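Colleague: Could you take a close look at the metal site in this one for me? I'd like the coordination worked through slowly, and then whatever you have on the aromatic residues.

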Amino acid sequence: MSAIAEKTVRELALESSSATRVFEKLGIDYCCGGEKSLEEACRGANLSLRQVQDALDGAEREANAPADRDWRREPLADLVAHINATHHKYVRTESARLGPLFEKVCGVHGKNHPELLHIQAVFRGLAQELTQHMMKEEMILFPYIVRMEEAVIQGEPVLPPPFGTVANPVVMMEHEHDSVGAALRAMRTASNGYVLPEGACASYQALYRALGEFEADLHQHIHLENNILFPRAIAMEKE
Ligand SMILES: [Fe+2]
Ligand SMILES: [Fe+2]
């Protein structure tokens with residue numbers, strides 16, 4: 001077996017962000033289910049290892065990635081700022097935009113496509129969950145991580161956090177990420193993988209496209225937190 005087949009999906013996602021885009025396209029879970037080897041993940045997604053390897057090689061070549069920052073090495077403060085400015089902002093604007101779009105599409109097509117009402121309900125719950133979740137990250141966990149890194153750089157002692165150790169809120173956030181993942185899967189299943197029914201109007205199309213993008217952005221977002229930010233913060237605290 002080749003070396004790449006034995007690597008976990010998470011390891012590959014960490015090595016290059018072009019890999020995360022390939023996984024996204026092929027439906028391979030790299031954020032919460034990333035501990036599988038690439039071979040297992042391919043089997044699970046009904047794809048040949050060869051096919052996935054080719055896609056990964058192609059994406060890597062295309063990426064010629066000087067613009068992509070390697071978040072395994074950049075300052076944690078920069079990573080936190082990136083998550084807030086990119087992913088948290090996106091969740092907020094999209095949640096606000098998709099509410100009315102759901103209303104419109106459900107109003108017209110909900111009768112013939114009752115799955116839309118189910119997806120709407122799941123999305124509503126998800127948006128609420130995310131609002132609370134991001135607030136906890138922004139008000140409690142992220143500022144502590146930034147302060148801790150600052151103290152380490154200055155060579156000063158780190159004031160102990162009110163929550164004991166950084167691992168405590170991290171476990172809570174990861175738990176909430178699992179719940180986000182479950183909601184995304186539920187919406188994908190109910191929409192039959194966001195495949196549009198015959199005769200779907202432009203709003204219906206816009207809604208499904210937006211939901212697919214919302215999912216992809218959350219995968220990237222949770223990957224940065226679960227697989228990079230949190231492990232690095234825990235390791236820094238241990239030092
Ligand atoms: Fe977040
Ligand atoms: Fe999060």
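Modeller: Here is the metal site, followed by the aromatic pairs. Keep in mind that this is a predicted model. Let's start with the iron ion (ligand 2): its donors are H133 (NE2), E137 (OE), H177 (NE2) and E225 (OE), at 2.0 to 2.1 Å. Is the arrangement regular or irregular? The 4 donor atoms subtend angles of 85 to 173 degrees, and that makes the arrangement irregular; four donors count as tetrahedral only if all angles lie between 85 and 135 degrees. Along the sequence, the donor residues follow the spacing H-x3-E-x39-H-x47-E.

There's a second metal to think about: the iron ion (ligand 1) sits 3.1 Å from the iron ion (ligand 2), and E137 coordinates both. Distant parts of the chain get linked here, with E137 in helix α7 and E225 in helix α9 (residues 202–238), 88 residues apart. Both E137 and E225 are buried.

Now the aromatics. A search of the whole structure turns up 7 aromatic pairs. One of them is F23 with Y30, a tilted pair with 6.2 Å centre to centre and 35 degrees between the planes. F23 is buried at a relative accessible area of 0%, and Y30 is buried at 1%. Y144 and F163 pair edge-to-face, with 5.3 Å centre to centre and 85 degrees between the planes. Y144 belongs to helix α7 (residues 115–154) while F163 is in the loop between α7 and α8 (167–190), so this pair ties together parts 19 residues apart in sequence. Y144 and F163 are both buried. Finally, Y90, F102, F123 and F214 make up one aromatic cluster.

Definitions and conventions:
Residues are numbered from 1 along each chain as its sequence is written. Chains are lettered from A and ligands numbered from 1 in the order in which they are written. This is a predicted model: local features need pLDDT of at least 70, side-chain atom pairs count only at pLDDT 80 or more; totals for chains, interfaces and linings use all residues. Side-chain values use heavy atoms; hydrogens and water are left out. Rings of Phe, Tyr and Trp (its six-membered ring) pair if their centres lie within 6.5 Å; planes under 30 degrees apart count as stacked, over 60 as edge-to-face and the rest as tilted. Buried means under 20% relative accessible area, exposed over 50%, partly exposed in between (1.4 Å probe, protein chains only). Helices (H or I, at least four residues) and strands (E, at least two) are DSSP runs, numbered from the N terminus. Donors are N, O and S atoms within 2.8 Å of the metal (3.2 Å for Na, K and Ca); water is not among the atoms, so sites may look incomplete. Four donors count as tetrahedral if all angles lie between 85 and 135 degrees; four count as square planar and six as octahedral if opposite donors are over 155 degrees apart and all others between 65 and 115; anything else is irregular.
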